[in-house]
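The following explanation leads the reader through a structure, passing from one chain to the other and from the overall fold to single residues.

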Amino acid sequence: MDQGIDLQQTFIQSLMDLGLPAGAAKTVWMPLPMLLMIIGATVGVLVSVWLERKISAAVQQRVGPEFIGPLGVLAPVADGLKLIFKEDTVPAKADPLLFTLGPVIVVIPVFLSYLIVPFGQNLIVTNVGMGVFVWIALSSVVPIGLLMSGYASNNKYALLGGLRAAAQSISYEIPLALAVMAIVLMSNSLSTIDIVNQQSGYGILGWNIWRQPIGFVVFWIAALAECERIPFDLPEAEEELVAGYQTEYSGMKFALFYLGSYVNLVLSALMVAVLYLGGWELPIPTALIANWLGVSETNAWLEIVGASLGITMTLLKAYFLVFTAILLRWTVPRVRIDQLLNLGWKFLLPISLVNLLITAALKTAFPGAFGG
Amino acid sequence: MLKFLKQVGDYAKETVQAAKYIGQGLAVTFDHMQRRPVTVQYPYEKLIPSERFRGRIHFEFDKCISCEVCVRVCPIYLPVVDWEFNPATKKKQLSHYSIDFGVCIFCGNCVEYCPTNCLSMTEEYELAVYDRHELNYDSVALGRLPYKVTDDPMVTALREFLYLPKGVMEPHNLPADARRAGQRPEEILAQDVAQDLAQEEK
């Protein structure tokens with residue numbers, strides 16, 4: 001596998017050519033991808049909020065936001081601005097410190113998880129060897145924040161919502177982790193880059209979804225439950241709990257929850273794209289395209305086109321999954337809390353365990369096809 | 001062992017069935033996405049009110065005989081009829097008439113019972129004002145001709161569902177002479193008259 005374009009090396013090298021010491025050059029580089037990722041994640045949220053509103057409207061045969069910018073694209077911006085200018089209230093008998101800390105603890109891990117989302121061979125903030133494990137570890141910090149804000153609100157509904165959120169996140173993290181484990185078993189690495197590389201070479205046929213169909217379904221269901229989207233939005237079930245742990249929140253603190261939930265949705269969709277749908281890989285292998293065009297795979301312009309196509313492919317796959325999540329929202333009714341826990345513990349957990357066992361067996365039997 | 005396997009098999013069957021039903025549901029919601037929105041884009045598009053619509057009440061001053069039937073049939077005795085007996089003509093002389101639409105429930109009793117048909121229902125329903133006392137219409141305001149959706153050049157007038165031709169679900173881009181499903185009132189009337197005539201001849 002060739003390395004492709006490496007922006008980091010080129011950038012640092014050019015700074016060093018200007019006379020900067022190596023350490024300083026690296027320090028100048030470091031905040032750039034992080035900032036880019038935060039901006040990217042926020043823009044991704046705006047896009048998915050807009051999509052949510054437009055697709056929801058289309059499903060219900062409405063028009064949706066129309067006059068706030070062309071086709072209503074500025075509607076999520078208007079939402080955000082409104083939330084920024086709203087009064088930031090803290091209930092009289094709430095714990096102000098925990099109340100403020102709650103949404104922060106919910107949002108930060110979600111944004112941090114973008115560290116390990118790859119958009120190309122070198123288009124990643126940092127290629128941690130522990131890749132997916134970092135994501136799973138970070139996502140288990142979120143329920144602490146939810147519980148914290150639910151408890152600090154000094155409100156029955158908020159407390160119930162927080163408890164439900166914690167129960168739900170904890171029970172769905174296990175099938176999620178087991179589904180990821182089967183993938184890791186096949187690619188012999190936790191690094192997201194290695195996972196995508198293991199799927200490359202055969203275009204659409206090489207993607208993990210064909211080798212892990214059960215894992216894919218389990219992962220997507222568990223990811224939706226982690227994001228607290230409808231069939232699984234029990235923590236904020238408005239008919240029962242007003243708004244769950246968000247009940248007492250307004251203004252910027254509410255905006256953090258709102259932002260966090262959508263960032264989490266996009267992140268989960270990106271992770272599904274990376275783990276099961278071949279990440280930045282095109283449905284047709286790049287080597288084949290290079291062959292058809294009669295150019296070398298290391299051709300400069302082909303690599304630039306390939307890198308931008310790779311980013312587009314990752315986003316396309318992720319937004320296709322966001323679309324299915326939105327469609328599911330208007331198709332499936334909310335489950336009860338007992339059904340939710342039954343589904344998690346009695347269905348997804350055994351199925352993902354069996355899936356892991358089968359993957360291990362297949363790996364020993366056919367090391368060629370299932371990553372030796 | 002067999003019993004356990006059967007349980008597993010049944011469970012798997014149920015799972016497949018559930019997946020199938022979710023798939024069917026997704027197909028329905030996906031299909032709805034390509035349909036034209038059913039919503040009326042209000043200030044730009046408006047529905048034509050039906051012929052029995054009970055909107056703002058129109059009042060013809062000159063027809064009124066100040067009998068106060070409208071007041072007596074009104075659930076809250078709302079119309080204010082201000083008259084004076086004119087000894088010269090030996091008739092009641094109407095000086096003012098008013099209805100407060102902030103209080104009116106648009107039941108239409110006054111229109112129903114008016115002996116001279118000086119009250120009538122219009123299709124006007126946009127009565128929003130900044131001060132509720134502005135809704136207290138006097139005889140001049142009551143005598144104004146109603147606003148008609150079809151006469152407004154800024155508004156696309158849309159027919160209600162009931163007034164669409166048979167099988168048509170979409171009020172947009174209808175030809176102006178498209179006939180609604182079923183018979184029109186004047187046709188039903190003509191039919192009745194013809195029937196009555198035939199019976200009389202017998």
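**A hairpin, a helix and two cores**

In this predicted model, strand E3 (residues 80–86) and strand E4 (residues 91–100) of chain B pair in the antiparallel sense, and seven bridges join them. Two facing pairs illustrate the register: B:Trp83 stands opposite B:Leu94 in E4(B), and B:Asp82 stands opposite B:His96 in E4(B). Four residues lie between the two strands of this hairpin, and B:Lys90 there adopts a positive phi near 55 degrees.

The hairpin belongs to an open sheet of three strands in chain B, with the order E3-E4-E6 and antiparallel pairing. Strands E3 and E6 (136–137) of chain B each have a single partner strand and stand at the edges, so one side of each has no neighbour in the sheet. Strand E3(B) is also hardly covered: among its seven residues, the count of buried residues is zero.

Elsewhere in chain B, helix H3 (residues 109–113) contains B:Val111. B:Val111 has 19 other C-beta atoms within 10 Å; a residue counts as buried at 20 or more, so B:Val111 is classed as partly exposed. Apart from neighbours within four places in sequence, B:Val111 is in contact with B:Ile57, B:Leu119, B:Ser120 and B:Met121. One of these, B:Ile57, is 54 residues away from B:Val111 in sequence, yet their C-alpha atoms are 8.1 Å apart in space.

Chain A has a helical architecture, with 16 helices and zero strands. For its 372 residues, a compact globule would have a radius of gyration near 21 Å; the value for chain A is 22 Å, which agrees with that expectation. The C-alpha trace of chain A extends over about 65 × 55 × 45 Å along its principal axes. Of the 372 residues in chain A, 43% are buried. Among the contacts in chain A with a separation of 6 or more, 79% are between residues 24 or more positions apart.

What occupies the interior? The largest nonpolar core has 99 residues, and those that touch the most other members are A:Phe219, A:Ala222, A:Val266, A:Ala269, A:Leu270, A:Val272 and A:Leu275. Helix H13 (residues 251–276) of chain A gives the most to this core, contributing 18 residues. A second, separate core has 15 residues, including B:Cys64, B:Phe101, B:Cys118 and B:Leu142.

Within the largest core, A:Ala222 offers a local view. Not counting residues up to four places away in sequence, A:Ala222 touches A:Tyr172, A:Pro175, A:Leu176, A:Ala179 and A:Leu348.

Helix H13(A) itself merits attention. Because 22 of its 26 residues are buried, H13(A) is largely enclosed by the rest of the structure. At 1.5 Å a residue, H13(A) should span 38 Å, and the distance of 37 Å between its end C-alpha atoms agrees with this. Just after H13(A), A:Gly278 takes a positive phi of about 75 degrees.

Finally, the two chains meet: nine residues of chain A are in contact with 12 residues of chain B. On the side of chain A that touches chain B, six residues are nonpolar, two are polar and one is charged.

Methods:
Residues are numbered from 1 along each chain as its sequence is written. Chains are lettered from A and ligands numbered from 1 in the order in which they are written. This is a predicted model: local features need pLDDT of at least 70, side-chain atom pairs count only at pLDDT 80 or more; totals for chains, interfaces and linings use all residues. The radius of gyration is taken over C-alpha atoms; the globule rule is 2.2 Å times the number of residues to the power 0.38. A residue is buried if 20 or more other C-beta atoms lie within 10 Å of its own, exposed if 12 or fewer, and partly exposed in between; C-beta atoms are placed from the backbone. Two residues are in contact if their C-beta atoms, placed from the backbone, lie within 7 Å. Ala, Val, Leu, Ile, Met, Phe, Trp, Tyr, Cys and Pro count as nonpolar, Asp, Glu, Lys and Arg as charged, and the others, Gly among them, as polar. Two strands pair if DSSP finds at least two bridges between them. A nonpolar core is a set of buried Ala, Val, Leu, Ile, Met, Phe, Trp, Tyr and Cys residues joined through C-beta atoms within 7 Å. The expected span of a helix is 1.5 Å times one less than its number of residues.
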